[in-house]
Amino acid sequence: MNAGLAVRFTFSKTASVCVAAGTRQARLCHSGPFNFLTQTAWLDTNRGYNNYAVLYLTPRQPTKALHIRRKLHVQASVDGKKSAELTDTTIKEDDPVSDNAESPGTENGAASETDFPSGDLEFKTVGGWAMFVMKLKMLFTVPWQRIRKGSILKLKLSGKITEQILGRFTSGLSLPQVCENLIKASYDPRIAGVYLQIEPLDCGWGKIEEIRRHILFYKKSGKFIISYMTVGGEKEYYLARTCEELYMPPGAYTTLYGLKVQATFLGGVLEKVGVEPEVQRIGKYKSAGDLISRKDMSEENREMLTALLDDIYSNWLEQVANLNGKSKADVENLLNAGIFEIEKLKEGGWITDIKYEDELEKMLKERLNLEEDKQLSFVDYKKYSRVKLWTLNLAGGRDQIAVLRAAGSISRTKGGINIGGDGIASDQFIEQIRQVRDGKNFKAAILRIDSPGGDALASDLMWRELRLLAAKKPLIASMADVAASGGYYMAMAANAIVAEQLTLTGSIGVVTGRFSLEKLYEKVGYTKEVISRGKFAELDAEQRPLRPDEKEFFAKSAQEAYRRFRDKAALSRSMEVEQMEEVAQGRVWTGKAASERGLVDTLGGFTKAIAIAKQKAGIPQETKVSFVELSRQRVSFADVIGSGVAVVTSLGKLLSADGRYEVLQEITLHRALLDEMYMHGIQARMEDVIVEGSSGSFQTISIISNILQSCLKSPTEK
């Protein structure tokens with residue numbers, strides 16, 4: 001039987017068993033006078049019959065196990081093919097139910113309603129022998145890991161925060177390393193406190209919540225943590241206010257005016273230049289493609305974005321109110337007042353005090369009882385990241401849990417050098433999945449996802465490999481900022497899905513498209529003729545629009561991809577297809593809304609995923625485990641040099657008179673770059689959804705304007 005088949009076997013008017021065929025799973029459904037307890041069981045088809053272990057409970061009888069074998073006539077669809085018939089003949093009672101009856105490849109919260117551990121970080125005071133051992137390790141540590149006693153960990157949070165663990169030769173901030181630094185600092189006797197400098201952040205609300213969770217954990221150590229914010233909006237303020245104290249300079253630029261979400265459309269621009277987009281998007285909420293095909297926002301997209309904005313706005317009001325000891329009405333009044341004077345923020349109790357950075361350092365000296373002529377000992381993020389967990393007695397135990405990090409857009413292959421960048425190449429990622437599946441030392445695996453999706457085929461190939469992994473070892477999906485469309489496709493294979501409250505997820509839909517350049521070619525006098533054999537050989541011919549039969553073929557291929565995506569989602573989440581259709585249609589949900597609709601199992605961060613992985617692997621919660629990062633970026637010095645030479649060469653060409661046209665020609669010939677501009681193949685991709693406050697975008701507009709003007713000039717116009 002096909003793994004994509006989901007059928008219902010009806011025994012009588014009183015009970016039925018839902019079966020995910022090919023996955024060796026059966027689930028009892030309640031129907032009739034009996035109050036059945038859901039029990040996952042093995043489906044044995046090797047000998048031509050089907051065995052079900054069923055638990056039921058009646059008001060008059062105790063729990064009883066039945067081993068049912070009887071004749072079944074099944075109407076089922078196998079990938080759109082004809083129905084199948086399965087036959088069996090006898091019934092046998094009182095056979096015991098196996099303790100190992102659960103099918104690990106399909107077990108999830110939707111099916112089993114498991115009570116998950118909280119995964120909350122607990123601070124444990126270190127003293128006695130453990131502290132002596134820790135100090136002894138510090139004495140013999142290598143020079144570049146030594147920290148002066150009384151040091152302050154200075155973390156500057158600014159710009160992009162990636163989900164990947166960055167290597168030695170890459171710059172930027174890594175979410176796992178930021179969180180690990182806060183854990184290390186809480187136990188490190190050499191660290192007196194944390195000084196958090198916060199500037200505009202380029203990340204989603206999921207990462208903000210993960211950092212905030214670790215700040216709250218650090219505060220349990222009793223050490224001070226202060227924040228200093230010069231520029232920021234709602235996202236930065238939310239994080240900064242989590243610290244014990246928040247300081248701003250007198251001229252700080254704050255934009256606490258509210259949250260917004262917006263969408264842009266190029267349909268009118270493309271129409272004027274003679275480019276006709278031909279887009280097939282399956283799912284009425286699937287907005288990836290509206291950018292190039294529409295001139296305004298669809299009603300469905302407006303409904304979806306409004307719901308997302310309301311969820312995020314409501315959460316922000318509630319959390320900020322709690323942090324300041326005020327009501328939600330007070331927070332709304334703050335936003336509506338449009339305050340830009342920092343003095344009023346202090347008067348209202350929204351910040352601790354107004355200080356310049358030198359005044360703040362003077363205050364820290366007094367707090368640490370340092371003389372005025374002494375310098376504060378700061379240790380930055382990069383240096384402190386080199387301090388090993390082993391030095392602080394935080395290293396894991398013998399049991400190993402593999403961590404697979406899937407961050408960025410999904411593609412089938414990865415081309416070129418991408419220093420510090422994100423991206424999921426299915427061929428490379430599948431190798432990592434198989435390594436975990438075949439590794440004897442791995443007790444479980446955590447799939448950490450931060451992806452809006454991408455290539456539909458690549459997503460499906462990884463889903464299959466992840467499903468095989470989940471059938472052998474516990475696999476827990478943990479979502480960061482976004483795990484939508486192709487990102488959610490991957491998560492469906494896991495035994496349990498954990499999302500942050502404001503993770504953007506779902507988007508179960510597909511989109512594909514092409515451009516007709518017929519009118520543009522007419523305007524510029526360009527002609528192209530094609531000789532072909534085969535009815536659909538010219539589907540990718542851009543010199544003309546699609547014929548009616550080609551449009552029909554184009555649409556049907558997208559609809560088939562959507563059907564497979566939706567049906568696999570229904571199978572993975574133990575839903576009827578009709579029920580999944582209601583929450584699919586390409587709609588994006590917050591983690592909270594997705595949890596209420598059965599798309600994810602529970603809310604929480606990476607630590608909760610760890611706790612669930614331990615639970616399913618039979619590892620006690622208090623037992624330390626070692627994490628093996630399979631997706632760690634490994635960039636050599638030669639890669640950095642090679643990448644730098646390529647950048648310098650391209651810049652040199654751009655600075656020359658005719659160089660711009662040479663670079664543009666190279667880009668045109670580079671298919672990998674064109675894939676991002678021209679949707680090649682069916683995409684399981686979510687459009688960028690950014691919910692944030694006011695920010696200056698004039699610089700971006702200026703850059704785009706300059707690029708367009710430069711590219712449209714001819715050599716004679718320079």
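Helices α14 and α17 are roughly parallel to each other (an angle under 35 degrees), so let's begin the tour with them. A word on ground rules: this is a predicted model, where local features need pLDDT of at least 70, side-chain atom pairs count only at pLDDT 80 or more, and totals for chains, interfaces and linings use all residues. Residues are numbered from 1 along each chain as its sequence is written, and side-chain values use heavy atoms, leaving out hydrogens and water.

**Stop 1: α14 and α17**

Select residues 456–470 for α14 and 548–572 for α17; their axes (lines fitted to C-alpha atoms over the stretch in contact, with angles from 0 to 180 degrees between N-to-C directions) come within 13 Å and cross at roughly 20 degrees. Both helices are DSSP runs (H or I, at least four residues), numbered from the N terminus. Now show side chains: Asp-460, Trp-463 and Arg-467 in α14 meet Lys-568, Leu-571 and Ser-572 in α17, where contact means heavy atoms within 4.5 Å. These residues divide into 2 nonpolar, 1 polar and 3 charged; here Ala, Val, Leu, Ile, Met, Phe, Trp, Tyr, Cys and Pro count as nonpolar, Asp, Glu, Lys and Arg as charged, and the others, Gly among them, as polar.

**Stop 2: α14 by itself**

Keep α14 selected and colour by accessibility. Of its 15 residues, 11 are buried (under 20% relative accessible area, 1.4 Å probe, protein chains only), so α14 is largely enclosed by the rest of the structure. Among the buried ones are Met-462, Trp-463, Leu-466 and Arg-467. Try a distance between the end C-alpha atoms too: they are 21 Å apart, which agrees with the 21 Å expected for 15 residues at 1.5 Å a residue (1.5 Å times one less than the number of residues).

**Stop 3: α3 and α4**

Next, select 175–187 (α3) and 205–219 (α4), whose axes come within 9 Å and cross at roughly 5 degrees. α3 and α4 are therefore roughly parallel to each other. On the α3 side, look for residues including Val-178, Leu-182 and Tyr-187; they belong to a contact that includes Ile-211, Ile-215 and Tyr-218 of α4. By class, this contact has 11 nonpolar, 2 polar and 2 charged residues.

**Stop 4: α8 and α9**

Finally, pick 299–324 (α8) and 328–337 (α9): the axes come within 8 Å and cross at roughly 110 degrees. That makes α8 roughly perpendicular to α9 (65 to 115 degrees). The contact residues include Tyr-313, Trp-316 and Leu-317 of α8, together with Val-331 and Leu-335 of α9. Their contact has 7 nonpolar, 1 polar and 3 charged residues.

Terms used. Helix = DSSP H or I, 4+ residues; strand = E, 2+ residues; numbered from the N terminus. Parallel < 35°, antiparallel > 145°, perpendicular 65-115°, else oblique. Buried < 20%, exposed > 50% of the residue type's maximum accessible area, 1.4 Å probe, protein only.
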